[in-house]
Amino acid sequence: MCWIFGYIWTKDSADKILLHWLERLEYRGYDSAWIFVWDNNGNSQLVKSVWKVGNLVTKVQKTLDQTKNWTFGIAHTRWATHGWISEENTHPHHDMNNNFVLVHNGIIENYFMIKKELEAKWYKFYGETDSEVIANLLDDLRTGDFAETVDLVVNKIRGAYALLILSKRNPGEMIAVKLWSPLVFAYDNHDNFYFSSDKQALSGYADKLIYLDDWDILHIKDKNYQIKANWIKISRKIEDMDIDSLEASKWDYKHFMLKEISEQPAIIKRICKWRVNFVDKTMNAEAFHGMQDEHFKKIVFVGCGTSYNAWVLWTYFMEDLAWLESVAFIASEYEYQHINVDDETLFVFISQSGETADSISVLKLLKSRWAHTFGVVNVVWSTISRLTDYGLFTRAGAEIWVASTKAFTAQITCIVLLALFLGQKRWLSKAKYDKVLSELEKIPELIDEILDTSEQIQEVAKKLIQYKDFFFLWRHFQVPIARESSLKFKEITYLHSEFYPSGELKHGPLALVDANYPTILFAPNDLLFEKNISSIQEIKARDWIVVTVSDKDIAQSDYNIKVWTTIDELYPFVTAVVGQLLSYYAADGLGREIDKPRNLAKSVTVK
Ligand code: AGP
């Protein structure tokens with residue numbers, strides 16, 4: 001998704017600050033970027049580039065007039081939704097008469113109709129974006145009062161947007177408006193004002209932060225700011241900036257992905273630390289605030305992508321540990337289903353970023369129907385964490401890399417702890433509860449074993465990258481692992497992969513499998529190990545490639561990736577890391593740009 005930044009007033013050259021923010025968020029995915037700066041004498045300069053921020057930095061060094069003191073600026077990284085990846089479609093957008101300049105993150109759903117109306121009034125368009133339509137609409141509805149003009153436009157456009165707007169007739173002023181798309185406003189003790197789609201970019205700059213709410217209009221004028229909602233002056237809660245610095249380094253890892261995979265043992269230990277006492281096997285009820293309420297008879301999980309994959313596991317834990325009716329839904333689909341909201345159902349929203357538009361859309365719908373909501377989120381104080389009634393933070397630390405790894409195992413850790421917490425209040429036996437807890441304490445070590453022996457995975461990956469199509473097969477608790485490993489494989493190798501219950505192969509998909517279609521089967525020594533062996537024999541009967549991931553030696557498979565023994569419920573921890581490393585080494589073997597996978601963005605803030 002796009003990231004928008006605004007900076008007003010100056011502690012330092014606006015160009016340097018804006019470029020630093022763009023570099024900080026380069027890992028979040030984008031396909032073009034630019035900065036637009038002004039000085040106090042009304043001079044302005046725009047520098048754009050498609051693809052890497054590095055291209056823009058070079059261009060700024062070569063072309064930006066360094067004799068001027070740039071005190072004011074806006075910047076943007078674009079992830080194309082409307083119009084091809086080109087300089088024309090790269091923001092900032094201005095109207096045909098150059099009265100307004102703006103940056104936009106979001107999607108204007110009625111842009112086409114407005115564009116037709118404006119073209120009928122002889123407005124000409126240089127690009128194909130919905131954002132340019134807003135600029136011409138501002139000019140068309142201009143009343144001479146900057147704030148009033150913006151109000152008129154906001155009442156005409158439909159969709160999701162975070163906008164930073166500048167008017168040639170109002171130098172030194174900036175208006176920010178927000179509906180759905182995330183936007184934070186911040187400032188420091190030296191009257192410097194900052195805007196960003198992602199507060200993390202502002203770490204080390206601002207001291208105070210304000211989360212703008214939908215329909216808020218913030219107007220910067222005369223070195224001060226004013227917030228209005230529905231034309232009424234309001235004030236919003238001011239927070240201290242207390243976030244993990246984004247000055248993330250790869251340490252000495254080749255890629256952020258490998259660094260974040262290696263962080264998982266420490267993160268799992270940290271998540272358990274204040275929630276569980278492994279010695280007396282007690283759990284800190286405070287850590288599950290909002291989940292104590294025993295009147296819930298049903299839990300509905302809503303999420304997208306990797307977050308959804310993690311919580312599919314829960315539905316398997318429900319009989320096993322929590323004794324609660326549970327279902328998991330993909331947010332972008334769930335919104336259009338008939339949703340029963342009653343007092344005995346808890347809706348749990350899972351998200352790494354807490355800004356995923358599809359999930360937020362369902363959450364707002366359910367809140368409007370007074371549903372009970374709970375958030376499991378990694379980014380502290382993100383939209384989902386602020387909108388849900390209760391919640392817990394997965395505390396995986398800032399996840400820099402576009403595709404998710406450590407947040408996934410952090411979510412699985414929270415699933416196990418939540419299931420045990422709820423299960424002990426229902427019919428989970430003390431013996432089972434103690435067994436799962438004592439095995440959970442060993443998981444960080446078992447993952448360390450895999451990280452220390454990752455060459456075995458690298459060797460297998462080298463053999464697999466000659467193929468184009470893959471099956472990831474699973475049974476029972478391994479369902480989220482096959483789903484997630486297949487997703488990771490797609491995200492960074494760009495090779496085709498499917499995940500499938502191995503028991504279903506003979507009901508059709510076996511027709512696809514041939515000598516060029518390897519299968520990766522997660523077959524730990526759990527309840528269904530023997531069943532998995534028969535699936536392997538089905539495939540090997542036709543002499544095709546089978547890679548198994550198991551703590552048992554499997555003579556029938558071509559390559560067996562070793563993991564260490566634990567209990568059925570916790571094998572997903574160790575097989576998940578194998579799936580991550582297999583994707584990593586395959587992508588590295590193919591020379592892919594692992595840290596900047598194409599066409600992806602870290603958090604999907606448009607629907
Ligand atoms: C995972 O690698 C992807 N980044 C994507 O599927 C992601 O999980 C999905 O967009 C949900 O994001 P969230 O957890 O931030 O809500």
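**Pockets, a cavity and a sheet**

Of the 27 residues that line the largest pocket, Gly305, Thr306, Ala601, Lys602 and Val604 lie nearest its centre. The elements that contribute two or more residues to this lining are α8 (305–322), β20 (345–351), α10 (357–367) and α15 (479–493), and among them α8 gives the most, with 3 residues. The space in this pocket comes to about 550 Å³, and its lining, sorted by class, has 11 nonpolar, 13 polar and 3 charged residues. All of this is read from a predicted model.

The second largest pocket holds about 410 Å³ of space, and its lining is made up of 21 residues, of which Trp38, Gly42, Ser167, Lys168 and Pro171 lie nearest the centre. Here the strands β2 (32–39), β4 (70–78), β6 (100–108) and β7 (159–167) each supply at least two residues of the lining, with the largest share, 3 residues, coming from β2. Sorted by class, the lining of the second largest pocket has 8 nonpolar, 10 polar and 3 charged residues.

Besides pockets, there are cavities to consider. Rolling a probe the size of a water molecule over the atoms shows where empty space is left. The structure holds 3 cavities of 30 Å³ or more, and the largest of these has a volume of about 220 Å³. This largest cavity is lined by 24 residues, and Ser197, Asp198, Ser353, Glu355 and Val379 are the ones that lie nearest its centre. By class, its lining has 9 nonpolar, 7 polar and 8 charged residues.

Strand β20, which was met in the lining of the largest pocket, also belongs to an open sheet of 5 strands, whose order is β19-β18-β20-β21-β22 and whose pairing is parallel. Because β19 (325–330) and β22 (390–393) stand at the edges and have a single partner strand each, one side of each is left without a neighbour in the sheet. On average, and with direction ignored, neighbouring strands of this sheet are turned by 20° against each other. One pairing can be followed in detail: strand β18 (residues 298–303) is joined to β19 by 6 bridges, and the two run parallel. Within this pairing, Phe301 has Ala328 in β19 as its bridge partner.

A last stop is helix α1 (residues 14–24), which is mostly covered, since 8 of its 11 residues are buried, that is, under 20% relative accessible area. The buried residues of α1 are Ala14, Asp15, Ile17, Leu18, Leu19, Trp21, Leu22 and Arg24.

Methods
Residues are numbered from 1 along each chain as its sequence is written. This is a predicted model: local features need pLDDT of at least 70, side-chain atom pairs count only at pLDDT 80 or more; totals for chains, interfaces and linings use all residues. Side-chain values use heavy atoms; hydrogens and water are left out. Buried means under 20% relative accessible area, exposed over 50%, partly exposed in between (1.4 Å probe, protein chains only). Helices (H or I, at least four residues) and strands (E, at least two) are DSSP runs, numbered from the N terminus. Two strands pair if DSSP finds at least two bridges between them. Axes are lines fitted to C-alpha atoms, for helices over the stretch in contact, and angles run from 0 to 180 degrees between N-to-C directions. On a 1 Å grid over the protein atoms alone, a cavity is a set of points where a 1.4 Å probe fits but cannot get out, and a pocket is an open set with protein on both sides within 12 Å along at least five of seven lines; lining residues have an atom within 4 Å of a point. Grid points are joined across faces, edges and corners, and a volume is the space filled by probe spheres set on the points. Ala, Val, Leu, Ile, Met, Phe, Trp, Tyr, Cys and Pro count as nonpolar, Asp, Glu, Lys and Arg as charged, and the others, Gly among them, as polar.
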